[in-house]
Amino acid sequence: MSKPTQQSSSSTGRVREHFREKAFSFDQLYDEEHALQRKLRPGLFERRELALAVAREYDAPSVLDVGGGSARVGELALEQGASRYVDVDLSDTMLELARARLERFGDRVELVQGDFLTTTVDGTFDVAFMLGYFDYIEDAPAHLRRVAELTTGSVVASFPRWTWTKGPIRKLRYQVINNCPIFDYTEDGLRRIFEDAGFRPQIRSGGSGFLVRAYRTPSA
Ligand SMILES: C[S@@+](CC[C@H](N)C(=O)[O-])C[C@H]1O[C@@H](n2cnc3c(N)ncnc32)[C@H](O)[C@@H]1O
């Protein structure tokens, strides 16, 4: 597993610590033995389905999974034929889970530990996933500009939206109890930052936030 190349901001450090501690419990959210999980977290499964559908549009795609965590989505992308899969994640414990999960795919897989903004990633990719990622990102435009440098095809990304029903509890749970910063987005704001970074976004608004499928615009 590659190691971090640079120091990160304190906000990023808090996110790293959060996902070091919570890797196992986050990974467990995908377990569908309890059909209840799908009902409780429809966004988790919806974003996974969109990401896999977009990857299937490409023949043996190369896939960059930004904050890919334990590679629950990556595993399925590889099963459906991805030729290269790179998971860049801050959290060593998340990447340990990914390593065990993806062992059977051999050298189609690269796991890179570090802050996506400052970590070296070789090559370019047909598709990039950024799922459950922007919740924790202080400077979303910078991360979109970075992914634009590495993507020739499409990005699939999810974003939380503030709602008065879930917002306050979410802020309390993450920022106060778990000391992990979180951020919210608006549809107009997303459209602007995607376009500025050189993407043509299609934005779907759902119960728990936004799902974006964005195409790289040529020579942006
Ligand atoms: C909620 S998890 C989502 C994991 C995976 N994308 C999924 O949907 O199953 C968010 C992940 O983003 C990672 N992350 C957050 N900020 C990051 C950054 N700046 N660079 C790389 N990874 C980051 C965290 O370590 C964590 O594993």
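Me: What makes a residue part of the group that surrounds the ligand, and which are the closest?
Reply: A residue is near the ligand if its C-beta atom, placed from the backbone, lies within 6 Å of it. In this predicted model 20 residues surround the ligand, with Phe 19, Gly 67, Gly 69, Leu 131 and Gly 132 the closest. Local features here need pLDDT of at least 70, side-chain atom pairs count only at pLDDT 80 or more, and totals for chains, interfaces and linings use all residues. Numbering runs from 1 along each chain as its sequence is written.

Me: Which element gives the largest share of that shell?
Reply: Helix 1 does, with 3 residues. Helix 1 (10-21), helix 5 (72-79) and strand 2 (84-89) each supply at least two. Helices (H or I, at least four residues) and strands (E, at least two) are DSSP runs, numbered from the N terminus.

Me: Why is Asn 179 called exposed?
Reply: Exposed means 12 or fewer other C-beta atoms within 10 Å of its own (20 or more is buried, in between is partly exposed; C-beta atoms are placed from the backbone). Asn 179 has 11, so it counts as exposed. Asn 179 sits in the loop between helix 8 (167-177) and helix 9 (187-197).

Me: What share of the protein counts as buried?
Reply: By that cut-off, 39% of the 220 residues.

Me: How many helices and strands are there, and why call the protein compact?
Reply: There are 9 helices and 7 strands. The radius of gyration is 16 Å, close to the 17 Å from the globule rule for 220 residues, so the protein is as compact as a globular protein of that length. The radius is taken over C-alpha atoms, and the rule is 2.2 Å times the number of residues to the power 0.38.
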